[in-house]
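Reader: Could you show me how to read a ligand site in a model like this one?

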Amino acid sequence: MEKKIAVLAGDGIGPEVMKEALRILDKIAIKFGHKFQFKSALIGGAAYDKYGEHFPQETKDICKNCDAILFGSVGGPVDKLTESKWANCERNALLGIRKEFNFHANFRPARIYKSLSNICPLKKEIIEKGIDLLVVRELIGGIYFGLHEMKEIEGKRTAKDVMEYNEDQIRIIAHDGFQAAQKRRKKLTSIDKANVLDCSKLWRQIVDEVAKEYPEIEYCHMLVDNCAMQLIKDPSQFDVILTENTFGDILSDEAAVLPGSLGLMPSASLNKDGFGLFEPSGGSAQDIAGKGIANPIAQILSAAMMLKYGFGMIQESEDIENAVQKTLEDGFRTGDIYEEGMKKVGTSEMGDEIEKRI
Ligand code: IPM
Ligand code: MG
């Protein structure tokens with residue numbers, strides 16, 4: 001197969017971890033006889049330097065002409081977030097690209113690798129039951145894209161952010177959630193705040209309607225505050241977690257600490273035509289950027305998700321996942337996941353080791 005991939009490495013550790021993901025893709029291309037063409041484009045602070053914008057038209061055009069987007073990370077150092085280069089960088093770049101391509105569905109898997117169970121912050125008896133879940137988050141609705149307003153009312157500075165969902169927006173992501181569950185352990189937990197919010201009451205109604213089309217899926221509703229608690233108390237109960245934008249933002253970060261490092265966490269965002277953006281769940285980690293110590297696994301697994309979700313290349317994707325797993329089993333660790341007695345490696349050595357195992 002021949003595929004064009006827009007490569008948006010972005011800021012911070014983005015370029016260095018992206019380099020490792022691209023060489024893994026090159027290796028896969030050779031092994032399976034594919035041709036991957038990489039088209040680089042600027043995003044985030046890197047784009048601001050050249051265009052004065054975080055998500056410029058030229059980048060949009062390159063993405064439009066590709067079959068998928070492989071994304072690194074965006075955002076500036078914490079002490080520089082008020083500079084115009086970095087102010088609203090993540091919001092402009094990330095929300096901009098989500099809206100531009102209607103990426104309504106966001107998939108964030110979280111699983112514990114056996115060889116890394118020591119770095120999971122939970123107790124042994126909780127981990128032993130197994131943790132392997134997928135957060136399916138609605139990505140272009142809710143408060144994020146509702147009316148935002150700050151003004152003075154009766155002499156008081158007042159702000160509002162409106163949460164709004166229509167049934168079509170809920171229905172489409174509910175189908176995505178149930179279909180993801182079909183391919184996994186056939187269990188879905190739909191998260192809302194239906195004891196308070198009308199958006200959540202509608203969410204429940206629509207999820208109940210959609211569920212009728214998937215009788216083989218065991219599903220239930222759970223309130224978001226309870227879900228936050230259950231993720232720590234008993235995460236093995238979850239297979240697919242289906243939820244709206246803001247709750248998904250928060251719960252997916254909570255789920256991301258279970259494997260032990262954000263450096264392990266890939267994600268996929270898809271639109272209804274199956275066009276997708278694939279990126280690590282973590283940010284630009286400016287504090288360790290340029291030092292060659294960042295963990296490239298999240299970026300490499302995001303490339304694997306691109307192959308699976310974006311191009312339907314299941315075997316190729318699993319080849320990468322297996323190579324990552326073997327590398328970890330063989331004891332190679334970047335600093336974020338290091339433990340006594342393991343072999344500590346940098347970004348490019350980790351890339352080497354994974355590449356060797358493909
Ligand atoms: C994420 C991030 C973004 C979000 C921010 C950076 C706008 O936290 O992808 O989860 O809130 O969606
Ligand atoms: Mg987030």
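Author: Happily! Start with the shell, the residues with a heavy atom within 4 Å of the molecule. Around ligand 1 these are Glu90, Leu94, Arg98, Arg108, Arg137, Tyr144 and Asp249. This is a predicted model, where local features need pLDDT of at least 70, side-chain atom pairs count only at pLDDT 80 or more, and totals for chains, interfaces and linings use all residues. Residues are numbered from 1 along each chain as written, ligands from 1 in written order and chains lettered from A, while side-chain values use heavy atoms, without hydrogens or water.

Reader: Which polar side-chain atoms lie by an oxygen atom of ligand 1, and at what distance?

Author: Look for N or O pairs within 3.5 Å. Arg98 places a polar side-chain atom 2.7 Å from a ligand 1 oxygen, and Arg108 does so at 2.8 Å. For Tyr144, a side-chain N or O atom is 2.5 Å from an oxygen of ligand 1.

Reader: Why does ligand 1 lie between domain 1 and domain 2?

Author: Bounds come from an automatic or database domain assignment. Domain 1 (1-110 + 261-358) and domain 2 (121-258) both contribute shell residues, so ligand 1 lies between them.

Methods: Polar contact = N/O pair within 3.5 Å; in protein donor to acceptor, adjacent residues only side chain to side chain.
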